[in-house]
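Biologist: I am new to this structure and would like a close look at a single part of it, the nonpolar core, together with whatever lies around it. Could you take me through it slowly, explaining your terms as you go?

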Amino acid sequence: MRLYLIGMPGAGKTTLGRALAVANELPFLDLDEEIVRREQRSVSEIFAQDGEEYFRQREADVLRDVVAEHPRVVLATGGGTPCYHHNLDVLLATGLTLYLAVPVLELTRRLLAAAATRPLLAALPDAAALQNRLHETLAARQRFYDRAPLRCTAPTCSVEAVQQMLARYQASA
């Protein structure tokens, strides 16, 4: 089984993904961490040195490599991963995709302290600007996120809630 977690930055994809991998005895990968490992530099450095377009192409390439290399995996994607280079089509065709739908106010709270370390949020001057950017970003990405067959709408999705969702989905398939 491949389980892909998609959603906005700060939605909890990595945290939940690690726990789901343990619960399901599957390997866990974070796509951004895999890009960093392969590039030997941080996401911020990639953006600063080569720009977002280069990053998005590497993201697409690494995603396809991960899918080819891992028939069983829980993968936390980057927030923008499903929106570029037909990546969502790859996710939908090769595994089960779960959208972590977290309200913007909660995302703002979670990201406020860490915004400086995230390339697309680093230049924002305050919480209001961060919240506005998150609203804009979510509006642009929502049509991609909404294509996921599974959705967790609670601010915090538990392993147990996702396990129940997976069981219901597999029983209906």
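Modeller: A nonpolar core, as the term is used here, is a set of buried Ala, Val, Leu, Ile, Met, Phe, Trp, Tyr and Cys residues joined through side-chain atoms within 4.5 Å, where buried means under 20% relative accessible area. Please keep in mind throughout that this is a predicted model. The largest such core has 53 residues, and those that touch the most other members are L3, L16 and L98. Its largest share, eight residues, is contributed by helix α3. As a general background, nonpolar side chains in soluble globular proteins tend to be buried together.

L16 is a good place to look more closely. Setting aside its neighbours within four places in sequence, L16 is in contact with L5, L100, C157, S158, V159 and V162. One of these contacts, C157, leads on to the cysteines, since a disulfide joins C157 to C152 with an S to S distance of 1.9 Å. This link is left-handed, with -125° about the S-S bond, and both of its cysteines, C152 and C157, are buried. The count comes to one disulfide. C83 is also buried, because its relative accessible area is 17%, but its sulfur is 18 Å from the closest cysteine sulfur, that of C157, and therefore too far away for a bond.

Helix α3, which gives the core its largest share, spans residues 43-69 and holds R58 as well. At 19% relative accessibility R58 falls under the 20% limit and so counts as buried, and, leaving aside its neighbours within four places in sequence, R58 is in contact with R38 and E39. An arginine in another helix offers a contrast: R168 lies in α7, residues 159-172, and it counts as exposed because its relative accessibility is 54%.

The same helix α3 also takes part in the largest pocket, where it gives the most to the lining, with six residues. At least two lining residues each are supplied by α1 (13-23), α2 (31-39), α3 and α6 (127-145). The space in this pocket is about 790 Å³, and of the 38 residues that line it, P9, G10, K13, D32 and R118 are the closest to its centre. By type, the lining divides into 16 nonpolar, 12 polar and 10 charged residues.

Key. Residues are numbered from 1 along each chain as its sequence is written. This is a predicted model: local features need pLDDT of at least 70, side-chain atom pairs count only at pLDDT 80 or more; totals for chains, interfaces and linings use all residues. Side-chain values use heavy atoms; hydrogens and water are left out. Helices (H or I, at least four residues) and strands (E, at least two) are DSSP runs, numbered from the N terminus. Buried means under 20% relative accessible area, exposed over 50%, partly exposed in between (1.4 Å probe, protein chains only). Contact means heavy atoms within 4.5 Å. A disulfide is a pair of cysteine sulfur atoms within 2.5 Å. On a 1 Å grid over the protein atoms alone, a cavity is a set of points where a 1.4 Å probe fits but cannot get out, and a pocket is an open set with protein on both sides within 12 Å along at least five of seven lines; lining residues have an atom within 4 Å of a point. Grid points are joined across faces, edges and corners, and a volume is the space filled by probe spheres set on the points. Ala, Val, Leu, Ile, Met, Phe, Trp, Tyr, Cys and Pro count as nonpolar, Asp, Glu, Lys and Arg as charged, and the others, Gly among them, as polar.
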